[in-house]
Amino acid sequence: MASDREFTRRMLQTVGTITGVAILLALFWAAREALMLVYVSALIAMGLSPLVRLIERPRRQGSKRRVPRWLAILSIYAVIVAAVVFLGLLVIPPLVAQGASLWNKMPAEFNRLQTFLVSHKLMVHKVTLEEAVQNAPSGSGGNAVGTVLVAISSLIGGIFGLITILILTFYLLLEAGSMFEYLVRFVPLGRRGDVGTAARQGVAKVSAWLRAQFILAGVMGTFAAIGLGLMGVPYFYVIALIAAVGETIPIVGPVIGGITAVAVAITVSPKLALMVGVYFLVLHQLEANVLVPKIMERSVGVSPVAVMVALLVGGSLMGLVGAILAIPTAALLSVIIEEIAADRESRIQRVK
C-alpha cells in the first residue's frame, strides 16, 4: 500500500515537472524576441564592463575619488555616438555622389552591355531602358510596394530594438554589482567562490571577443584600403570603411563590402570590377578560414574548430543573428563546461 502511494507520488512529481518545463519552454519561445534583446544587451554589457571599470577607478594610487559609474558609461556611449557620426559624415556624402554618378551613367552602361550581348549573339536586338521597365513581369509594382513597406517596418523595429539594447545595456552595467550579489545568494555558500570565478572568466572572454571584433575590422579595412587604393578604385577609403564595419557581421558583412567595391569599380571599367571581385574573394577566404579562427583562438581562447562549428550552428539555427552571437555564446559555454568538469574532477579526487 505504501509502495503504491510512493509510486503515485513520484509519478505525479514527474508529470508535474515535465508539464512545468514544457510550459516554461513555451513561455520562453513566445518571448524569444524580448529575451534575445536581453541576451544581446547582457553580452554588450559584459564586453564593456572592463572598460567601465578602467574609467571609473581612481587615477592616483591612494586616492579615494572615483569617476561615477554612470558617468563612465555615458562617456563610452558619447565616444561611440561621436564615432558613428564621424563615419556617417565621412561615408554618406561620397556614397550619395557616387550613386548619382552611377545613375547618370546607367543608360550608357546599359547600352554598352547590350552591344556586348548582341555582338556575341546573346541578344537579338537592343531595347531601351524604358522598354525593359515596361516589359517587367506583371505584379512587380505591388510586390515592390510591399517590399518597401516591409523594409520600412523592419527599419523602425530595428531602431526601437537598438534603443532598447542601449538603455538596457546602460542599466545592466550600472546595476551589475548589485544584481550579481542578489543572484549569488541563491547559490550554496561553498560554491559562491567558484561562481564568482566563472563569472569573471565569462566577462573576460566576452570582452576579449569584442576586442577581437575591432581587430578584425581594422585588419580588413586596412587590407581593403591598400588593395583598392593601389588598383585606383574611386572612394576606396569609403569602401574600406564599409568592409571594416561589415566585418562585424559574419558571412553577410564581407559579401556586402565586396559587392560595394565591385559596384563602384564597374563605373570605371569591367576589367577593374573583375580585379576587385577576385581581390575581395581572396580576402574573404583568408578572413573566413585563417583570420577569424586564429584571432578568436588567441583572443577568446576558443579553438578554430569550435569557432567554425559555432558559426555554422548559430547561422543555421537563427540566421544572421545566430552567426553574430555564436562565438561569444560558445565562449560562455566553454566556461560553464570547464567549471562543471573541474567540479566533477574535484569530487572524484575527494572520493579517492
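**Reading exposure, a bend and a contact**

Reader: How should I judge whether Leu317 is buried or exposed?

Author: The word depends on relative accessible area (buried under 20%, exposed over 50%, partly exposed in between, with a 1.4 Å probe and protein chains only), and Leu317, at 67%, is exposed. This is a predicted model, in which local features need pLDDT of at least 70 and side-chain atom pairs pLDDT 80 or more, while totals for chains, interfaces and linings use all residues. Residues are numbered from 1 along each chain as its sequence is written, and side-chain values use heavy atoms, without hydrogens or water.

Reader: In which helix does Leu317 lie?

Author: Helices are DSSP runs (H or I, at least four residues) numbered from the N terminus, and Leu317 belongs to H11, residues 304–351.

Reader: Is Ile327, also in H11, buried or exposed?

Author: Ile327 is buried, since its relative accessible area is 5%. Beyond its neighbours within four places in sequence, Ile327 is in contact (heavy atoms within 4.5 Å) with Trp209, Val292, Met296, Val307 and Leu311. Ile327 and Val309 are 18 residues apart in sequence, and their C-alpha atoms are 9.4 Å apart in space.

Reader: Where does helix H10 bend?

Author: A bend is the angle between axes fitted to the seven residues ending at a residue and the seven starting there, and H10, residues 270–300, bends by about 45° at Glu287. Glu287 is among the buried residues of H10, which also include Phe280, Leu283, Val292, Pro293 and Met296. Just after H10, Gly301 has a positive phi of about 85°.

Conventions:
Helices (H or I, at least four residues) and strands (E, at least two) are DSSP runs, numbered from the N terminus.
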